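Open the model in your viewer and keep the sequence panel at hand. The tour below goes from one selection to the next.

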Amino acid sequence: MKKNITINMCGRLFQIDEDAYELLQKYLESLHQSFGKLEDGEEIVDDIEARVAELFDELCAQGVVAITIEHVEDIITRIGKPEELTGNDEEQANEKKADNNTESQTNSQTNQENTTHTDQSFFDEMRARTAGKTLYRNPCDKMVAGVLSGFAAYTGTDAAWWRIGYALLFVASNFIVFPVLKLVHLGGFFFHVNATFILLYIILALVLPVAKTPKQILEMQGKDVTPQSLADVVIEEKTPKMQTKSATHGVLSVFLQVLMGLFMAVAVIVGLVLLVCFVLIAGSIIVAFTVGNHYSLPFDIDYLNLREAAVSHPWAVYIFVASVLMAFLIPLYGIVHMLISKSGKIQPMSTWRRILWSLIWVVCMFSVFPSLFYLQDLRSEYDHRENPEMYRRHDPLMSAADKHFFKENGFRLMKHKNIINRTNPYTSNGEYYTGDEQVRYLDAYAAEKPLIYHAGRKERVEPGLYQLECVARAEGKGAVIFASVGRRNVFYPVPALGNEGGPLGNGWSKLVIKNIKVDRHNIIYGVSTDPQFTWTDNETQWFSATDFKLTRIGDLPADGTDVPVTYE
Amino acid sequence: MNIENAKSQMRKGMLEYCVLLLLKHRPSYASDIILQLKQAELLVVEGTLYPLLTRLKNDGLLEYQWQESTQGPPRKYYALSPEGEKFLEGLDAAWAELSNTINYLQTITPKLLEAK
């Protein structure tokens, strides 16, 4: 099916296909270009236009309803391309000037010899190559927007070199530290890309115009805009664009072919992996929704409790399911599309569709992880509430209450070993020094000695002198309250008073470390029984610690004198 | 040097003379001339004629008149101007001379060679 338009030529109406019309218009345009300089040039073109109308008339008389591009092509070959028409007259003009011409020819020959004999520096060569050219984007040979191919045409080099070079620059900018080049940085949860070169390309693509008209294509290639060259472009444009693709030669072409082959192989493998993942995920999501959770499902999808979550938080589930499926489907679609289009069965995707799909994919990737984390949080809340034991499936020892306490108080468990698996292995309650049995504190009991437990809290502070307070107790020697600033550590061993007596009762003591020098913005403090860290023998069966409190007690001494750390 | 090329050079040289000859007895419009030249196999691409006609007109050898046509838009009917007629006479003489020379060369040369 073709779009059909009506044109008026010399007072006659003709039905003509749109592409045929375009070709005709270009033909007449190039005739204008070539005859424009001659005396009465416009008249000649008008005469030829009248002739075209006459030939169209003949076609209509033969019963042609709409003029097709083939008809126009026939007419162009019949009437002749611009250079065939002007050649005649030019020859006669040339004969008159024959003597002058031979002189100028010899001149130009000697000029050429001169230039080839003189040593050309790189810049001279570049200048010579770019002379008389205009920088355009090249529509005839493009991978994305034809920017690099435009540069290649401008410098008279092969586009493949530009592409490889640009790709290398892009890769290098991500691995080698070029502070200047790290202008733009795309970052997410899972990828970091130095996008300077991507942005540069986009800017160039926006700034540089596309060589659209035959005249611009000639300017891009640095050919003189003559009737002949114009006609070549006009007639050539109908032929497939493959011909104008940069022919890559020799080693480079082999290299590119190998690269292309490897790329296709990787694409196929990635495609298969994506397909398998997609089927597994889609299948397990369906099972999770219909049959319900089952531990044998892959990717721990059962952990997300999709069926329950879909009732309480449907949007989180919809977004997660849609984005996770799309995150697999889009690249899969892209790869399949590319493989089919390489085999020539379908057209390659247009640039805008590529960009659109990439954007959708990026959006999906940015929504997969937040929605996944959200669903995980939902699940852990659910476990806290409904099924504390279930929670151990992923962290075999920490109970919901432990985790809650650590989270509330900003502690992190950095090391643990030999801890007895009771209801709450890392915290306890019932023996708090005030007698409030509900208050929870850090606490662990060794299943076998040594008890290894190292928990710390990181705090962001202003530099200065600090005081750390806490309340702790221990069964034996080895538990230590610590504060770390950079590589410097301050330790305060917890008195081994057991669970009776002590200054505060139930074995608890208040420990205060004063004058901790904090000359940076971070401090970590907490409790440790790890001999590799504390350098003390560790004999304790259990310990308890809580009520950590860091206060700023003064500025750092301006003269840099050392203030001794004191323990109370 | 191929034969087609040589032939086309000959045709090109004669085209001007042929057009003037065709217009000697009756005015014609471009498509008429094209038809006749094509029948005589003197014209390969039609478009060549238009610059030629315009040039002859600008040189004052041809004149044209617009005439209504029954089938389409008005047509330009070209005819020889008095100057053109004089020019054609000159060309006739030149052609007769040229033709004689060619004939002479075609027939006489072998005999000359024999004589030697």
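Which residue in E11(A) does A:Val480 stand opposite? Select A:Val480 and look across to E11(A): the residue opposite is A:Pro493. Keep in mind throughout that this is a predicted model.

**Stop 1: strand E10 of chain A**

Select residues 480-485 of chain A, which form strand E10. The strand is mostly covered, with six of its six residues buried. Colour A:Val480, A:Phe482 and A:Ser484 in one shade, as they point one way from E10(A). Give A:Ile481, A:Ala483 and A:Val485 another shade, since these point the other way.

Now add residues 488-493, strand E11 of chain A. E10(A) and E11(A) run antiparallel and are joined by six bridges. Two residues lie between the strands of this hairpin, where A:Gly486 takes a positive phi near 60 degrees.

Next add residues 522-528, strand E13 of chain A. E13(A) is joined to E10(A) by five bridges, and this pair also runs antiparallel. To find your place between the two, select A:Ala483, which stands opposite A:Tyr525 in E13(A).

**Stop 2: A:Ile516**

Go to strand E12 of chain A, residues 509-518, and select A:Ile516. Is A:Ile516 buried or exposed? Its relative accessible area is 1%, so A:Ile516 is buried, the cut-off being under 20%.

Show what surrounds this residue. Leaving aside neighbours within four places in sequence, A:Ile516 is in contact with A:Ala483 and A:Val485, both part of the strand from the previous stop. Other contacts of A:Ile516 include A:Gly464, A:Leu465, A:Leu468 and A:Ile523. A:Tyr466 is also a contact; draw a distance between the C-alpha atoms of A:Tyr466 and A:Ile516, and the viewer should give 4.9 Å for two residues 50 apart along the chain.

**Stop 3: the nonpolar cores**

Select A:Leu24, A:Ile48, A:Phe56, A:Val72, B:Val19 and B:Leu37, the residues with the most contacts inside the largest nonpolar core, which has 50 residues. Helix H2 of chain A, residues 41-61, gives the largest share of this core, eight residues. Apart from it lies another core, of 37 residues, with A:Met398, A:Ile419, A:Tyr525 and A:Leu550 among them.

Return to A:Val72 and show its contacts beyond four places in sequence: A:Ile16, A:Ala20, A:Leu23, A:Leu24, A:Phe56 and A:Ile67.

**Stop 4: chain B**

Show chain B by itself. How many helices and strands are in chain B? There are four helices and three strands, and along the sequence they follow the pattern α-β-α-α-β-β-α. Of the 116 residues in chain B, 34% are buried. The chain exposes about 7,300 Å², and carbon and sulfur atoms supply 57% of that area.

**Stop 5: where chains A and B meet**

Bring both chains back. Here 23 residues of chain A are in contact with 26 residues of chain B. The area buried between them is about 2,000 Å², with 44% from carbon and sulfur atoms.

The count of salt bridges between the two chains is five. To see one of them, select A:Arg51 and B:Glu46, whose closest N and O atoms are 2.8 Å apart.

Finish at B:Lys57, in helix H3 of chain B, residues 49-58. With a relative accessible area of 17%, B:Lys57 is buried. Not counting residues up to four places away in sequence, B:Lys57 touches A:Asp40 and A:Glu43 in chain A, along with B:Leu62 and B:Tyr64 in chain B.

How values were computed
Residues are numbered from 1 along each chain as its sequence is written. Chains are lettered from A and ligands numbered from 1 in the order in which they are written. This is a predicted model: local features need pLDDT of at least 70, side-chain atom pairs count only at pLDDT 80 or more; totals for chains, interfaces and linings use all residues. Side-chain values use heavy atoms; hydrogens and water are left out. Buried means under 20% relative accessible area, exposed over 50%, partly exposed in between (1.4 Å probe, protein chains only). Two strands pair if DSSP finds at least two bridges between them. Contact means heavy atoms within 4.5 Å. Accessible areas come from the Shrake-Rupley method with a 1.4 Å probe; for residues, only the protein chains shown count as cover. A nonpolar core is a set of buried Ala, Val, Leu, Ile, Met, Phe, Trp, Tyr and Cys residues joined through side-chain atoms within 4.5 Å. Buried area is the accessible area (1.4 Å probe) that two parts lose on being put together, summed over both. A salt bridge is a side-chain nitrogen of Lys or Arg within 4 Å of a carboxyl oxygen of Asp or Glu.
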